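Okay, hi everyone, thanks for making time. I've got one structure to walk through, so let me put it up on the screen.

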Amino acid sequence: MADATIEMKGGYKLRRRIEMGIVYLALFLLCSIFILPFLITVSDSLKRFHEIYAVPRIWIPKDPQWNNFIDIFRVLPFHLFFINSCIITFFALTGKILSSCIVGYSFARLRWPGRDFLFLVLLSTMMLPQQVTMIPIFLLFNKLGWINTWLPLIVPMWFGVNVFNVFLLRQFFKTIPIDLEDAAKIDGCSYFRILTQIMIPLAKPAVVTLGVLGFVSLWKEFMGPLIYLSDYRLYPIAMGIWMFQTAQSAQPHYVMAASLVSLVPVLILFFSAQRYFVKGIVLSGMKG
Amino acid sequence: MKLTFSFWGSYLDLEMWRNVIDRFQEEHPEVTIDPEYSPGDYAQKLRLRLISNTASDLILMDDESFPGYSERGYLVDLAALLERDAEDLNLDDFLPTSLESFNFRGVQGGMPWGGFPVLMFYNKDMFDAAGVPYPEDDWTWEDFRVIARKLTRDTDGNGVPDEFGANVGFGFLDMEPVIWGFGGDILNEDSTRAVIDSPEALEALQFIYDIKFEDHSTAWMGESEGMAKEVELLTGKVGMVMSGWYLARQLMDIKGGMRWGIAPMPSGPRGDRYTRVSWDGISINNAISDEKKAMCWEFLKFLLREDTQAFIAELGRSVPVHRTVAEEHFVQPETPVQEELALEGIDYGKLTPVTAKYDQLKNAIQRPFKEVEIGLKTPEEAVKLAEQDANAVLQAELERWLLSQGGVPKENPAAKRAFSIGIGVFLAGLAVLLVLLRKRIFRRLSLARQEYGGNMARNEAFHGYLFALPWFTGFMIFMAYPFLFSIVLSLSSWDPYDPVSQRTFVGFENFRQALFHDPLIWKALWNTFYFAGFAIPLSLGLSLGLAMLLNTKVKGIGIYRTIFYIPSIVGGVATAVIWAYIFNPTFGPLTNLIRSMNGVLANFTAARLPEIQWIADPAMAKPSLILMSLWGAGGGGMLIFLAGLQGIPDTYYEAADIDGASRMRKFWNITLPLLTPTIYFNLIIGMVNGLQVFMEAFVMVGKDGGIDNSLLFYMLYLYRTAFIEYRMGYASAMAWILFAIILVLTLFVARWSALWVYYEGEKKR
């Protein structure tokens, strides 16, 4: 809870200790559940094929197969998939964040005729199932000559087409007090500067969240690359994992090793994004 | 010349094909072949490519999906070339069924290159433990039944077997060899009529039924963990499984673990022995130039040449097409597998009866047996229904074929006209609406003129448009067309395997059908609302709770946050492992919990909690799935709440502390109100996603919606309609109905939100 900074008096201290104890207990219990998939991935990635399905489950393989990690790079150009993923994710994510900020700001803070109606249109694009739009979207990219390039994976992101993000930022921009913006306007600040110097810094946790969620979804994206790409040298890492997972010759130990390799950057990114997950500092100053 | 070649498979297949391509290019330096390799969902991708005329020149095909494409004229008929080069190819040396497998209604739509007979794989350790001798080469289905019974054991002594002798069911792959072995058949000779309702076939089906329900030497629904066949065999859960030859290759790669063996298929009561054989082949795209077609044919001839076949044969992956190559290069005495069994299997093997709509046929025959699997129907009842349904599918398909005569799909002028009519009706409707609402619009416009009259306001509006422009442009480019297109489709009848131009306008027929004559839609809607009604509020509450927990100021919170987020990034396989374990009805933790609670109960009363079959029980399937969906609560929703919590100024809490407010009070009066914009966001997103729930059910029960359609969610039904029943028009209409439902609900929530969502930034307006 947010009151941790407040100094408590005498009798409260014990209560507070108990409360913190409960918090730690809850954190510990939940962590031990939520970390399971990760532990399974790690332990299976170090196994031989037959050990993976052993009953009862083997958690620590007797003879860890570190070779699995070398093997996946040996039998496939996995480093190439990794680099491809980095490039695609970088360009797509940049577009995603920039366009969501700009569009989200317009829908949240600027008043213009037709805004609320268009916002509904924007939201409604999430409501038509992908299964029926997949064919026409494919035909469209084909007409544009974008098949077997990364463009279908990157360009739409620059246009705020991923409305989840626009909606998210709109919600957060709407919570920022109006006073700061008004003051900036009086000082002759342009709308663009208001966005970049007031709105985005104040909504930093939301922008970071968007960045993290966007990164993860782009990094894991499978269906798009599968449909639009055909040269395997252009494939991202999510498809590399599938190359060990076909119905007729599953190699679960390689799948797990490959998953772990693709997981590491996400974990690092997530962990380091924590630094930016702090309160909008300016807000308290404003209210004072 | 540049050719493209698309194929599926694992990295091993990629390696093999690259090797074959290199060899070919060495001999033909003027040709380069670009591999187009799909590691997953090849069927979907191939369909998209063929209907949009962007498929590769050479196409890897399986013999089940080939007839559909061949019949629609997508593939070159190789019959003439085959006749011309019969000597080169040494056709006399071809193994039986190989050429046939790519011949549909007289069209040779491809060339086979590798065969997969279904054989019996068994776990030697289990045989030894039970003291049963390994199967003889001339064993019968009756022997099979006896052995299966002997191998079945109850190791933990709870009265229910947990190691099973066999795994036979009413899937196509299992039914076929048994039905054939008993002298029955599924379709007649030329695949035009179902004949599964014969005394012989019924005897075979009854045989499978008895193994399962009388002997209980095959696991009942809920007793098996839904593992893949090789895993069942590997873990000693099942003693004997029928599987395609690829399993041998896989078992060979597995060093260590159990000992295994391969046996031929058993023979039936009248001495008939059959198995199922399938072939992989390569087809040539019919839409490419004759020059390219000729070069593709060269590649096929190269692929079928004895040295290339020998190279492939030595990989042990599949049986080569030539008998001599198979005998010399495929059968390798030094390997632990008896390849000769596969070769024999091809000799006594049969092809599955194919039609142009194979998925639909398979579905029609298998669906009645779903209820046999859980003991609700007898084979006798199911077989009648199966024959009836299969005949309906076959008849519709034949009529269609006779109409089109299998020619190259032509542009359909009626469809074009229908498109213009559709657009016309839409525009006319819009015009009428404008005329009717003109007064309101004018009033609104003059109001707007007043409101945005000032310089400041006009400047703001200008920037509003400017900043919304990226989205609007993107919407017009990437969204508007697909939306319009799917509206047109919803007014048409279109088979998603036909070129897009080949659709027929049916007006509102699809909607009429869906709304008034399709009880399954209502069932699917009910399932979906049931799921969403529980899953949305529960996961909303849970992710808020988790976010608040992660918002406490304790040491190392960054690590906790990262761990909480792990389930949503790991996803896929590891999560499936966990859920299969959690829902395991024999040793899963949920079952153990119930058992230990029963242990406690035993001290007080005779009442016991029932042991639940979870996913396998129609009544528990949805709750299980809801439980499963909560797993995702630690993902995006939690992070967004966490970000929302950061936006609440500390000053509010400080002020409340000075007033001596309790923790609950602070939550209700500060946290919750200031978090409403985030709650609203998560609610809308949860609704949009929850009503389109698809993946969870698809992963757990596959596309058929579980027992009694208890997990048939709306999107699952839509998927089935579109891609198994080939009714894309109807599926599009369904999509728009769902769209309307979600839109209305969203509008409702948006209106309602005005009452409870509080935006700090709007209070002065």
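I'll go chain by chain, then the core, then a few individual residues.

First, a caveat: this is a predicted model. So everything I quote is computed from the predicted coordinates.

Let's start with chain A. In terms of secondary structure, chain A has 16 helices and 0 strands. Its C-alpha trace spans about 70 × 70 × 30 Å along the principal axes. The radius of gyration of chain A is 24 Å, where a compact globule of 288 residues would come out near 19 Å. Of those 288 residues, 59% count as buried. On contacts, take the ones in chain A with a separation of 6 or more: 71% of them are between residues 24 or more positions apart. For the surface, chain A exposes about 12200 Å², and carbon and sulfur atoms supply 69% of that. And for the electrostatics people, there are 25 positive and 14 negative charges in chain A, with their mean positions 2 Å apart.

Now chain B. Here we have 32 helices and 13 strands. The C-alpha trace of chain B spans about 90 × 80 × 50 Å along its principal axes. There are 765 residues in chain B, and buried ones make up 56% of them. If you look at contacts in chain B between residues at least 6 apart in sequence, 72% join residues at least 24 apart. Chain B exposes about 31900 Å², with 59% coming from carbon and sulfur atoms. The charges are 67 positive and 92 negative, and in chain B their mean positions sit 15 Å apart.

Okay, on to the core. As background, nonpolar side chains tend to be buried together in soluble globular proteins. So which residues touch the most other members of the largest nonpolar core here? That core has 339 residues, and the list is A:Phe107, A:Phe244, B:Phe5, B:Trp17, B:Met111, B:Met240 and B:Ile282. The largest share of this core comes from helix α29 of chain B, residues 663-691, which puts in 14 residues.

Let me pick B:Met111 out of that list. Setting aside residues up to four places away in sequence, B:Met111 touches a whole string of partners, including B:Leu82, B:Phe94, B:Phe102, B:Ile282, B:Trp297 and B:Leu304. B:Leu78 is another one of its contacts, so let's follow that one.

B:Leu78 sits in the loop between α3 (66-71) and α4 (79-84) of chain B. Buried or exposed? B:Leu78 is at 0% relative accessibility, so it counts as buried. Outside its neighbours within four places in sequence, B:Leu78 is in contact with B:Gln108, B:Gly110, B:Met111, B:Ile284, B:Trp297 and B:Leu300. And if you want a distance to check on screen, B:Leu78 and B:Leu91 are 13 residues apart along the chain, with their C-alpha atoms separated by 14 Å.

Next, helix α8 of chain B, residues 172-181. Why do we call this helix largely enclosed by the rest of the structure? Because 9 of its 10 residues are buried. Among the buried ones are B:Phe172, B:Met175, B:Val178, B:Ile179 and B:Trp180, but also B:Asp174 and B:Glu176. After α8 of chain B comes B:Gly183, with a positive phi near 95°.

Further along, in the loop between α8 and α9 (199-214) of chain B, you find B:Asp197. With 31% relative accessibility, B:Asp197 counts as partly exposed. Leaving out residues up to four places away in sequence, B:Asp197 touches B:Val383, B:Lys384 and B:Glu387. For a long-range reference, B:Asp197 and B:Leu609 are 412 residues apart in sequence and 42 Å apart in space, C-alpha to C-alpha.

Last topic: positive phi angles outside glycine. One is B:Asn53, with phi of about 60°. B:Asn53 is in the loop between α2 (42-51) and β3 (58-62) of chain B, and at 56% relative accessibility it counts as exposed. Another is B:His216, where phi is near 55°. B:His216 is in the loop between α9 and α10 (229-234) of chain B. This residue, B:His216, counts as buried, at 12% relative accessibility.

That's my tour, happy to rotate the view if anyone wants another look.

Note on methods: Residues numbered from 1 in each chain as written. Chains lettered and ligands numbered in written order. Heavy atoms only, no water. Helix = DSSP H or I, 4+ residues; strand = E, 2+ residues; numbered from the N terminus. Rg over C-alpha atoms; globule rule 2.2 N^0.38 Å. Buried < 20%, exposed > 50% of the residue type's maximum accessible area, 1.4 Å probe, protein only. Contact = heavy atoms within 4.5 Å. Areas by Shrake-Rupley, 256 points an atom, 1.4 Å probe, with all protein chains shown as cover. Lys, Arg positive; Asp, Glu negative; His and termini not counted. Charge placed at Lys NZ, Arg CZ, Asp CG, Glu CD. Core = buried A, V, L, I, M, F, W, Y, C linked by side-chain atoms within 4.5 Å.
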